[in-house]
Amino acid sequence: MKNCLGIINLSEVDLPLGLLCQNRPMAMLPFGGRYRVIDFMLSNMVNSGITGIGVYTGNKVRSVMDHLGSGQAWDLDRKLNGLFLFTPTYDYTSINQKVGDLDLFYQNNAFVRYAKQENILIARSSMIANIDYNAAYQDFLDSGADIGIIYKNVVDTKNRFIGCDKVNFDENGNFVGIGTNLGMEEQFKLSMEMYFIKKTVYIDMLYDSIEKGSANYLKQALFTSLNKYKVHAYEFKGYVSTINTVRNYFDANMDILNPEVSSELFFKHGQIFTKVKDEPSTYYKKHAKIKNSFIANGCQIDGFVENSIIFRGVKIDKGCIVRNSIVMQKSHIDENVHLNYVILDKRTTINKGVTLIGDPSSPYIGGKKAVISKEGET
Amino acid sequence: MKEGKMIAMLLAGGQGSRLKLLTKDLAKPAVPFGGKFRIIDFPLSNCSNSNIFDVGILTQYKPYVLNSHIGIGSAWDLDRRIGGVRVLPPYTNEQGGRWYKGTANAIYENINFIDELDPEFVLILSGDHIYKMDYSKMLDFHKEKKADITISVIEVPWEETSRFGILNIDDNNYITEFEEKPKHAKSNLASMGIYIFDWKSLRAYLISDEKKANSNNDFGKDIIPQMRMDGKQIFAYKFKGYWKDVGTIKSYWEANMDLLADDNALDLYDRQWKIFSKNRHLPPHYISCEASIQRTLINEGCVIEGHLENSVLFNEIKIKPHAKVVNSVILSGVVVESGCQIYNAVIMEDVVVKADTVIGAPDSETVYLVSKNKIIESE
C-alpha cells in the first residue's frame, strides 16, 4: 500500500456523546481499557502498510496533540512520510468565515498535492474494527474505479447503527447513493466511512466543490460528486461497531467482554497500538472478586467487579461493587461504593458509600475529574 | 571537563549462573521481573529519574535479549541527540580481540567513550539488583564530602552479613575498613556495588591497574583497595529503602513475592518514580466468570479462568478453568491447563503445563523452576 496516502478526518458531530465529548473529539474517546478510538484507525492503516497519514484534527486540538505526539507509538515518527497533523486556522483577512471542514482540506492541500502516493484512503474515526486494507485496496485498483467504498452487510436488530451512513444499490447491484440509516430496514449495507479515492479525483472534487460553492464539508463534496465518478464497493466481513452515541459507545465497550470479539479486534490483522503509560502490573488485593471483566494495567483492586471495563491506573477499594460499568484512567472508587451501568470519565473520584445507578439504555456519566460524594458529606 | 556532569556505566555482562535455566539464553540483567519488567529496567529507570541521561551498558554474556530490550533507549527517555544510552560490547583492536577481564577492565576498555562525554563524575552500577534510588542525592553527598570515591551501602540483617562485602565506617561516614564476607562482622552495612568516582582520578588508576600483570582488574579487589592505600577519601552513602540481589532461584522468587505484601517498600505504583520498560502493546487482561483471584499481580494480554493466589503473572498467560496457581511466578506466554495444581513455582516463558499436572506442595519450602523440558528444585 506504498502508493496510498491515509487521511483521517476528525471533524465529527459529537453532540450525542454529551459530557464525554465536551473537551475531546469522538476519535479521542477512551475505549477498551487502554485505547482511544483513533488507535484502531491508525493501527489498521499502519498494519496494512500505509506510512504517510494526515490527521485533520477538528477544533478540540489539545487532546489530539497530547495523544498522537510525534506518532512514535504507531511507528509514524519518520523522516519520509509519517504523521501529519492539520489543525483548523482562523483567517483574519477574509470577511467570509467558512462553515465546514472543506476549507481546511483546501488550505492544507499541499500535503496531498506534493505527496508521491497516487491514491488516498479517507476515513473518519467513529468505527471500531480491525481491518486489513490490502484486500480492499487491491479490489479498488482492479476495479479501475475512481472512488471505492468499504461497507458491511449488517443485520441491525438492536438499532446500533442509527445515524450511520447506508450504501444503496439497485436490483442489478449498481451503486445508487449513500444515505442516512434511520432504522427503516433491519438489514442493510453500512458504510464504514472509509473511501479509497484517486488523488486526481480528490483534487478535482475539492476544487470543483469550492469553486461552485456546492459543499462545505468533505463528506458533502464526496457525496454530491459520487454520480460523476465511477464508484466501486467492497464488502468487509469482520466485526464492526460504532460509538456515535452514549449507548453505542457503552455497547461497543461491552462487546469486548466477548472473547471472540476481543481476539478479533486486538489481534486479527495485527495489534492495536496506543500511547504507552508504563503502568506496573494490576494488583488484586485480599478482598478482590472479579467476574467477566476486562482490566488494564496499573490498577489496584480490592472490591467486586463484574461485567466491566476498567482502564489503566484505577483504584477500587474494599467493599465496592462495580457492575456493568466503564471506569476510565486513574479514577478512584473509595470504599463501599456501588456502581451499576455507570461510565466514569478520567480521574473521577467517587467518595465512600456513594451509590450511582444508571440504565442500560442511558448509563450514568461521571464527567472528567468529577468528585462525587454522598449527600451532606464532602 | 563538563563541571558537575555525571555519567553512568552499567555492568551488564554477568551470567548469574546461580539462576540456572533462567539465564540459559540471556544475561542476568535481562531476566524478567515483577510482572512486566526486566531487572535492568530498575537501574535504567533510576538513571532517567535521577536526570542521568548518558549511560554506557557493558555487555558480554549472551547479549541478544538485552540488546533488543534496550534498543536505542527510548523506553527510558535515553534516546538523546548527544550521549544517551550506548551498548558497549567487547571489541577487537590491533592486538586482537579479548573479553572484559573484570569490572574495572570493562571500564578501562571504554575510556574513549567516557572521554568523549567528558564528565566530572562516573557512576558505576550493576544490572543485578532491584531497587529505586535517586543517584543525584548520592552525588550531592559525594560533592559535600569532597570524596574521591563514594560507595553506596545498605543495612542488611546481621545474620546475613557473611554473604556481603561489609564496610565499617566512622561517625563522618568515612570508611575505615573493608571486610569481604566476614564471619563475625563489626557492622551490618553492605556494599551495594554502586560507586561514584571522580573520572580524572579513576582514569589514572584504571590505566595503572591495567599494567599490573597479576591484577584481577576488579573494582572491589584492585582499584578501590589501591586508592585506599594511596590515602584517597572513601565515604559510604547510606541508602534506605528496598534493595534486593536476585542471585538465586529462591531469592528471585522471594523478590517477586515481596511485591505482594501490602507494605511492600518497593512501591511500583509511585508516579513520581516510575519504572519504565519496553512496552508490547497488548490489550488489557480478561477475567472470566469462573476465575477467582487473591493477592495477585496480573499483566496485559492474560486470560484468567482459574484460581490464583499470591502469585505474579507476566503477559499473555492463559490459566484454564479449574487450574490452581499458588505462591508462584509465571513468565510470559505460559498456558496452565485445566486441573493443574501449582505451588511455589517459577514457570519459564512459553511453557505449557499439561492438564492435571501437580507441581510442588502447599506447605513446602522448596521452589520449583519449571522449563519446557525439566523441573529444577531450589537448594
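In chain B of this predicted model, strand β20 (residues 307-309) lies alongside strand β23 (residues 324-326), and 3 bridges pair the two in the parallel sense. One contact to look at here is B:Glu309, whose bridge partner in β23(B) is B:Val326. Zoom out and these two strands turn out to belong to an open sheet of 5 strands in chain B, with parallel pairing and the order β17-β20-β23-β26-β29. The edges are taken by β17 (292-294) and β29 (358-359) of chain B; each has a single partner strand, so one side of each has no neighbour in the sheet.

Chain B also has an antiparallel pair worth a look. Strand β11 (residues 165-169) and strand β12 (residues 175-180) of chain B run antiparallel and are joined by 5 bridges. Within that pair, B:Leu167 has B:Phe178 in β12(B) as its bridge partner. The hairpin has 5 residues between the strands, and B:Asn173 takes a positive phi there, near 65°. Carry on past the hairpin and you reach B:Lys183, in the loop between β12 and β13 (189-198) of chain B. B:Lys183 has a relative accessible area of 77% and is exposed. Its C-alpha atom is separated by 28 Å from that of B:Asp258, a residue 75 places away along the chain.

Over in chain A, β8 makes a good anchor for the eye. This strand is largely enclosed by the rest of the structure, because 7 of its 9 residues are buried. What does β8(A) pair with in the antiparallel sense? That would be strand β11 (residues 187-198) of chain A, over 8 bridges. There is also a parallel pairing, in which β8(A) meets strand β12 (residues 231-235) of chain A over 5 bridges. A:Ile149 is a handy residue for seeing both: A:Ile149 stands opposite A:Tyr195 in β11(A), and A:Ile149 also stands opposite A:Ala233 in β12(A).

Now for the charges. Side chains of opposite charge can pair when their charged atoms come close. Over all chains, a search of the whole structure finds 27 salt bridges. Three of them are set out here, with their N to O distances.

| Salt bridge | N to O distance |
|---|---|
| A:Arg160 and A:Asp255 | 2.9 Å |
| B:Glu109 and B:Arg98 | 2.8 Å |
| B:Glu210 and B:Lys101 | 3.0 Å |

Start with the salt bridge between A:Arg160 and A:Asp255. A:Arg160 sits in the loop between β8 (147-155) and β9 (165-169) of chain A, while A:Asp255 belongs to helix α8 (residues 246-255) of chain A, so the pair ties together parts 95 residues apart in sequence. Are these two residues buried or exposed? Both A:Arg160 and A:Asp255 are buried. The helix on the Asp side is mostly covered too, with 9 of the 10 residues of α8(A) buried. Among them are A:Val246, A:Tyr249, A:Phe250 and A:Met254, along with A:Asp251 and A:Asp255.

Next come B:Glu109 and B:Arg98, whose side chains meet in a salt bridge. B:Glu109 lies in the loop between α3 (103-108) and α4 (111-117) of chain B, and B:Arg98 in the loop between β7 (96-97) and α3 of chain B, so parts 11 residues apart in sequence are tied together. B:Glu109 has 8% relative accessibility and counts as buried, whereas B:Arg98, at 31%, counts as partly exposed.

B:Glu210 and B:Lys101 form the third salt bridge in the table. It links helix α6 (residues 199-211) of chain B, where B:Glu210 lies, to the loop between β7 and α3 of chain B, home of B:Lys101, so this pair ties together parts 109 residues apart in sequence. Elsewhere, salt bridges that share partners join A:Arg124, A:Asp165, A:Glu193 and A:Lys219 into one network.

Finally, the surface of chain A. A patch of positive charge gathers A:Arg62, A:Arg347, A:Lys368 and A:Lys369. Where is A:Lys368 found? In the loop between β28 (364-366) and β29 (371-372) of chain A. A:Lys368 counts as partly exposed, at 37% relative accessibility. There is a nonpolar patch as well, of about 250 Å², made by A:Tyr106, A:Tyr207 and A:Ile210. Of these, A:Tyr207 lies in helix α6 (residues 199-212) of chain A and counts as partly exposed at 30% relative accessibility.

Terms used: Residues are numbered from 1 along each chain as its sequence is written. Chains are lettered from A and ligands numbered from 1 in the order in which they are written. This is a predicted model: local features need pLDDT of at least 70, side-chain atom pairs count only at pLDDT 80 or more; totals for chains, interfaces and linings use all residues. Side-chain values use heavy atoms; hydrogens and water are left out. Patches are made of residues with over 30% relative accessible area and no salt bridge: like charges are joined within 9 Å, nonpolar side chains (Val, Leu, Ile, Met, Phe, Trp, Tyr) within 5 Å. Accessible areas come from the Shrake-Rupley method with a 1.4 Å probe; for residues, only the protein chains shown count as cover. A salt bridge is a side-chain nitrogen of Lys or Arg within 4 Å of a carboxyl oxygen of Asp or Glu. Lys and Arg count as positive and Asp and Glu as negative; His and the chain ends are not counted. The place of a charge is taken as NZ of Lys, CZ of Arg, CG of Asp or CD of Glu. Helices (H or I, at least four residues) and strands (E, at least two) are DSSP runs, numbered from the N terminus. Buried means under 20% relative accessible area, exposed over 50%, partly exposed in between (1.4 Å probe, protein chains only). Two strands pair if DSSP finds at least two bridges between them.
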